[in-house]
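Subject: Structure for you to look at

Hello,

Here is the structure I promised to pass on. Please open it and keep it on screen while you read my notes below.

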Amino acid sequence: MPQSAAVTLFLQRVFDAMSNGSAYAALAVAISMVFRSTGVLNLAQGQMAMLSAYIAVIFASGADPGVAFSGWLTPFATPWPIWASIVGAVVISAVLGALLEYTVIRPMHGDPVPTIGATLGLYLLIGVFVVKHFGGRQRFFDSPFPQEHTDRFVIGGARLWFDTIGLTLTMLAAIGVLALIQRTTKIGLAFRAITSNRDSAALLGIRVEQVVMAGWAVAAGLGGLAGGLIAGELNVRPSMMERLLIFGLAAATLGGLRSPALALAGGYLFAFAETIMAGYVGFIDSQVTLVWALGMLIVVLSVRPSGLLSRKAARQGLGT
Amino acid sequence: MIDPGAATDPATADTARWPSRFTAAALAVIAALVVVVPLRASSTFLTDVTQLAAFCLVFAGLWLLTHRMGLLSVGHGALTGVGAYAALHAVNDFGFPPMLMPLAGFAAGCAVGALLGIPALRLPKAYLALLTLSAAVAFPIVLRQLDGPLPVTLDGEFIAPTWTGIAPNDEHIWEFWIVVAWVAVAFWLLHGLLSGPIGRALVATRDEPTAASTFGVSVYRLRLAGVSLSSGLAGLAGGLMLVPVNFNDQSLYPEELSIKLFALTIAFGSTAIGGSRLIMTVPAAAVLVLLPVWLVDRPGWVIQGGWIGLLKAEFFLYAVLLLVAAYARGRRARAVRSYDA
């Protein structure tokens with residue numbers, strides 16, 4: 001292969017990885033946010049994002065008798081625009097996230113066995129709910145970004161689609177806004193106080209339970225945004241988030257499950273590594289990359305148990 | 001030393017005056033069923049019951065991990081598959097006697113359990129759940145890559161000796177007894193292990209790891225040994241699964257199996273009957289194996305959609321079971337905390 005063609009192919013693979021990387025990063029950040037504030041590993045995060053994608057489909061379908069629950073939208077009659085559908089799904093996901101924290105997670109009182117059990121219960125419940133109401137078949141959902149064959153840049157011979165750029169920038173913007181809120185607002189300060197020391201935060205008068213509930217809502221909303229945006233790429237189906245959840249969990253461990261910034265970096269790192277491995281290593285196809293992610297997870301945890309955080313930051317739980 | 005009064009802790013109830021009168025009665029009933037059921041039941045039902053017996057071992061491993069050690073595994077379905085894979089290839093590729101192939105499954109289960117446990121046990125408990133869930137999702141893909149998309153048949157048979165009086169067409173009876181014999185021996189050894197100082201040390205690593213460490217217990221190593229043993233039991237069960245079905249296939253060990261196993265362990269494992277919790281592996285395995293059989297006889301239930309279809313779905317039942325069991329355990333944790341306060 002001529003050198004320029006090899007470079008073009010490499011660039012193309014890097015560009016292709018960006019969409020997946022954004023989805024992995026969003027899930028990883030959501031998982032990290034919940035874990036650092038509550039110590040709960042939310043194994044249902046992927047399913048919540050999948051449900052959000054279905055909610056977006058309902059809004060975008062309007063009063064379509066072929067889509068479950070869309071009859072509830074009869075007063076609105078016409079289908080919603082794609083962006084409005086995604087925003088609607090994010091809002092409903094956030095409300096659902098807060099509700100689940102209040103009704104399912106809070107009664108577990110931090111005991112890890114029942115809490116993990118509860119998140120797995122939600123994992124099954126959401127999955128079976130979607131299968132029974134929407135069926136197992138795929139639903140199509142348009143991307144909110146231009147997707148014509150001319151909607152692209154050509155860089156070094158490789159095609160960078162507007163869709164990929166839009167998805168990546170939207171996810172980065174959403175995560176950036178969250179980071180800004182954490183750093184500059186009172187609720188952000190309260191959230192940081194709780195992640196640092198929950199008991200001291202409570203003694204200072206911070207309403208810990210409300211802030212944790214808000215954290216779940218934001219994490220669910222972020223996962224919902226990932227679900228809505230990636231739905232245009234993957235098509236909406238009950239199993240759409242299984243792979244993404246594993247990569248999201250693996251990415252989150254790079255930040256020791258506590259650092260959203262490193263989880264974000266981990267999401268892109270895993271996506272790039274996945275695409276490059278599938279492209280250049282003969283015996284690794286796109287399915288087997290999942291196994292590679294598991295292998296990486298074991299290696300990372302063996303070599304750097306606290307992820308890429310410094311040991312001091314990991315001990316203090318202050319990695320950002 | 002570990003508190004000798006630990007035997008009164010419900011978690012260590014198996015060590016107190018075992019077998020209790022109720023447990024002895026339950027064991028007698030099970031022994032009678034083991035003899036009578038194969039002579040009366042159809043071959044299909046007996047195959048299900050044979051699998052049920054093997055799954056008891058998986059539940060025993062999970063019970064050890066979850067309730068004895070306070071650790072979490074959401075990947076025991078995959079570990080069972082690992083055992084099945086190793087046992088099958090031990091026979092097909094290395095000429096292992098079929099009767100001893102479950103040992104290969106046990107060894108493979110122990111090895112994979114240790115591989116997952118070594119990094120995860122140095123970290124908070126959630127990491128073991130994370131790694132085992134990832135293994136559960138990845139395992140069918142690995143198996144398809146290793147064995148291909150089609151089932152692989154076992155190159156071995158289980159022919160009943162003539163002294164048993166079992167007719168050539170009734171080999172499923174012999175297979176059932178082989179599996180039950182393996183399970184009984186494994187349970188006996190496990191009970192012996194848990195009744196001794198190792199069993200008490202495991203409880204100590206769960207409840208008071210610092211105190212256990214002070215008294216010379218290597219918490220990390222003991223936990224690692226516990227995770228390996230638990231995984232080994234799942235692997236042993238995987239090897240035994242091959243006895244009645246004679247083939248291995250990626251579709252037998254989906255990630256949902258691991259979640260179902262975890263759900264039933266949470267739901268049944270915190271209950272003791274007549275002082276024994278290991279007995280509870282039997283009803284847990286019965287639900288796991290017989291519920292789908294019962295649902296298959298109601299095809300309308302499986303395909304029905306909407307709210308009614310949701311209520312009749314197998315996964316809905318498991319989800320409710322998990323949520324209710326988790327809620328009950330959370331309430332207990334709160335009650336204990338209030339009492340301590």
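Start with A:Val95, which sits in helix α3 of chain A, residues 82-105. This is a predicted model, so please keep that in mind throughout. Is A:Val95 buried or exposed? A:Val95 counts as exposed because its relative accessibility is 52%, and the cut-off for exposed is over 50%. A:Val95 also belongs to a nonpolar patch on the surface. Its partners there are A:Trp83, A:Val87 and A:Val91. Together the four residues have about 360 Å² of accessible area.

Now set A:Ser19 beside that. A:Ser19 is in helix α1 of chain A, which covers residues 3-38. With a relative accessibility of 4%, A:Ser19 counts as buried, because buried means under 20%. Which residues does A:Ser19 touch, leaving aside its neighbours within four places in sequence? They are A:Thr164, A:Leu167, A:Ile230 and A:Glu233.

Next, the interface. On the chain A side, 44 residues are in contact with 52 residues of chain B. The size of an interface is often given as the accessible area lost when the parts come together. Here, the area buried between chain A and chain B is about 4200 Å². Carbon and sulfur atoms give 79% of that area. In chain A, the residues that lose the most area to chain B are A:Val113, A:Leu124 and A:Lys132. Together they make up 17% of what that side buries.

What about polar links? Between chain A and chain B, 4 residue pairs are in polar contact, with both residues at pLDDT 80 or more. The rule finds 0 salt bridges across this interface.

Which helices of chain A supply at least two residues each to the side that touches chain B? They are α4 (112-134), α9 (242-254) and α11 (289-303). Of the chain A elements, α4(A) gives the most to that side, with 16 residues.

Last, chain B by itself. Chain B has 14 helices and 2 strands. Its residues number 341, and 55% of them count as buried. Chain B exposes about 14800 Å². Carbon and sulfur atoms supply 68% of that exposed area. Now take the contacts in chain B between residues at least 6 apart in sequence. Of these, 79% join residues at least 24 apart.

A good place to begin on screen is A:Val95 in helix α3. Then go to α4(A), with its 16 residues on the side of chain A that touches chain B.

Best wishes

Terms used. Residues are numbered from 1 along each chain as its sequence is written. Chains are lettered from A and ligands numbered from 1 in the order in which they are written. This is a predicted model: local features need pLDDT of at least 70, side-chain atom pairs count only at pLDDT 80 or more; totals for chains, interfaces and linings use all residues. Side-chain values use heavy atoms; hydrogens and water are left out. Patches are made of residues with over 30% relative accessible area and no salt bridge: like charges are joined within 9 Å, nonpolar side chains (Val, Leu, Ile, Met, Phe, Trp, Tyr) within 5 Å. Accessible areas come from the Shrake-Rupley method with a 1.4 Å probe; for residues, only the protein chains shown count as cover. A salt bridge is a side-chain nitrogen of Lys or Arg within 4 Å of a carboxyl oxygen of Asp or Glu. Helices (H or I, at least four residues) and strands (E, at least two) are DSSP runs, numbered from the N terminus. Buried means under 20% relative accessible area, exposed over 50%, partly exposed in between (1.4 Å probe, protein chains only). Contact means heavy atoms within 4.5 Å. Buried area is the accessible area (1.4 Å probe) that two parts lose on being put together, summed over both. A polar contact is a pair of N or O atoms within 3.5 Å; within protein, one must be able to donate a hydrogen and the other to accept it, and residues adjacent in sequence count only if both atoms are side-chain atoms.
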